[in-house]
Amino acid sequence: MERLCATAAALTLIQRLEDEHGALLLYQSGGCCEGSTPLCLRQGELQITPQDVLLGQISNTRFYTSPSQFTYLQYSHLTLDVVPGRGDSFSLEAGLGYCFIILSRLFSDTELLALEAAA
């Protein structure tokens, strides 16, 4: 049972960004408007703290969130996707005319039990 997956379009874009920029990281920020979209940055551009929560890995790229944001996300399966448009972000994909987004759905009771068992 995984907390995170990605669409084929998101995987293709991550590969393109890795080819151009090297190792990446994704961070699900919290906030309103564009502040709630995932950020794609070069590894090392954002200090990951021991308190940050690793949601999973997409290709070679780790995907984190803050402990406070995880409070809201812990019961949801997340799918990383991409849409055309620049958004209002300094995330790497914005320069290519794209914007990462997160699609979410609540875990079923059975999925939650599987996650707990795996922890």
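**Group meeting: two cysteines, one core, one strand**

Cys99 counts as buried, at 9% relative accessibility. Let me start there, and then work outward. One caution before that: this is a predicted model.

So, the cysteines. Cys40 is buried too, with a relative accessible area of 0%. How many disulfides does the count give? Zero. Why no bond at Cys99? A disulfide needs its two sulfur atoms within 2.5 Å. The closest cysteine sulfur to that of Cys99 sits in Cys40, and it is 11 Å away, too far for a bond. Turn it around, and the closest cysteine sulfur to Cys40 is in Cys99, at 11 Å.

Now the whole chain. It has three helices and seven strands. Reading from the N terminus, the order is β-α-β-β-β-β-α-β-β-α. The radius of gyration is 14 Å, and the globule rule also gives 14 Å for 119 residues, so the chain is as compact as a globular protein of that length. The C-alpha atoms fill a box of roughly 40 × 30 × 30 Å along the principal axes. Of the 119 residues, 41% count as buried. Then there is sequence distance. Take contacts between residues at least 6 apart in sequence: 59% of them join residues at least 24 apart.

Next, the core. In soluble globular proteins, nonpolar side chains tend to be buried together. Here, the largest nonpolar core has 19 residues. Which residues have the most contacts inside it? Leu26, Leu80 and Phe100. Several elements give two or more residues to this core: helix H1 (8-21), strand S2 (24-28), strand S4 (53-58), helix H2 (67-73) and strand S6 (76-84). H1 gives the most, with four residues.

Look at Leu80. Setting aside residues up to four places away in sequence, Leu80 touches a long list. Among them are Ala10, Ile14, Leu26, Ile58, Phe63 and Phe100. Cys5, Ala6 and Thr7 are also on that list.

That brings me to S6. Is this strand mostly covered or mostly open? Mostly covered: seven of its nine residues are buried. S6 pairs with strand S1 (residues 4-6) in the parallel sense, over three bridges. In that pairing, Ala6 stands opposite Leu80. S6 also pairs with strand S7 (residues 98-106), this time antiparallel, over nine bridges. There, Val82 has Phe100 as its bridge partner.

Now a polar residue in S6. Asp81 lies in this strand. Buried or exposed? Buried, at 18% relative accessibility. The cut-off for buried is under 20%. What does the Asp81 side chain contact? It makes a polar contact with the side chain of Thr7, at 2.8 Å. Asp81 and Thr7 are 74 residues apart along the chain, yet their C-alpha atoms are separated by 5.5 Å. Beyond its neighbours within four places in sequence, Asp81 is in contact with Thr7, Ala9, Ala10, Cys99, Phe100, Ile101 and Leu103. So we are back at Cys99, one of the contacts of Asp81.

Last stop, Ser29. It lies in the loop between S2 and strand S3 (38-42). Ser29 is buried, with a relative accessible area of 15%. A polar atom of the Ser29 side chain lies 3.4 Å from the backbone oxygen of Thr37.

To recap. The disulfide count is zero. The largest nonpolar core has 19 residues. Asp81 is buried, and its side chain makes a polar contact with that of Thr7. Over to you.

Note on methods:
Residues are numbered from 1 along each chain as its sequence is written. This is a predicted model: local features need pLDDT of at least 70, side-chain atom pairs count only at pLDDT 80 or more; totals for chains, interfaces and linings use all residues. Side-chain values use heavy atoms; hydrogens and water are left out. Buried means under 20% relative accessible area, exposed over 50%, partly exposed in between (1.4 Å probe, protein chains only). A nonpolar core is a set of buried Ala, Val, Leu, Ile, Met, Phe, Trp, Tyr and Cys residues joined through side-chain atoms within 4.5 Å. Contact means heavy atoms within 4.5 Å. Two strands pair if DSSP finds at least two bridges between them. A polar contact is a pair of N or O atoms within 3.5 Å; within protein, one must be able to donate a hydrogen and the other to accept it, and residues adjacent in sequence count only if both atoms are side-chain atoms. The radius of gyration is taken over C-alpha atoms; the globule rule is 2.2 Å times the number of residues to the power 0.38.
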